[in-house]
Amino acid sequence: MKRQKQLNGSAAEVESAFYDALNRADLEALMALWADDEEIVCIHPGAPRLIGHAAIRASWAALLAGGGLHILPTQLHETHNLMSSVHTVVEGLAGGAAEPAHLLATNVYVKTPRGWRIVLHHASLAPGGPPGDGGAQILH
């Protein structure tokens, strides 16, 4: 699956576009941010590791079917060099019938000839989640 859009800015701009696409439930925009490499990886909280575009696309399609996820990333910590950037963020997840939750996410970006792209998104439930959380697993 080839993508036409070039993103030359920064990994931070791709990350902003990633969360914007999630909040708008825009699957096409979301998948356009991933690297063309079939070795891309996505791990949702409490779920198995997904490798490749088809598996990752199917998971996001199912998660976005009910609308956007309403995620607010905060507390960015970034480590980078010329060709890669690793971001850790706290994702505030709210909306729908679920109680608000906090997830810890790692997003890894690489610089490709077509600009910065996501190669890994890994999220897990933050320990000691929000009060009244009850330890429920939230898939995103």
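These are my notebook entries on a sheet and its surroundings in a predicted model.

Before starting, I noted that residues are numbered from 1 along each chain as its sequence is written. In this predicted model local features need pLDDT of at least 70 and side-chain atom pairs count only at pLDDT 80 or more, while totals for chains, interfaces and linings use all residues, and side-chain values use heavy atoms, with hydrogens and water left out.

I looked up the sheet and found six strands in an open, mixed arrangement, in the order β2-β1-β6-β5-β4-β3. Strands (E, at least two residues) and helices (H or I, at least four) are DSSP runs numbered from the N terminus, and two strands pair if DSSP finds at least two bridges between them. The edges are β2 (49–51) and β3 (71–80), each of which pairs on one side only.

I then followed β6 (residues 115–125), which runs parallel to β1 (residues 41–43) and is joined to it by three bridges. Within these strands, cysteine 42 has histidine 121 as its bridge partner, and valine 41 has leucine 120. With β5 (residues 101–112), β6 pairs in the antiparallel sense over 10 bridges; lysine 111 stands opposite tryptophan 116, and a hairpin through two residues joins β5 to β6.

Finally I turned to histidine 44, which lies in the loop between β1 and β2. I recorded histidine 44 as buried, at a relative accessible area of 3% (buried means under 20%, exposed over 50%, partly exposed in between, with a 1.4 Å probe and protein chains only).
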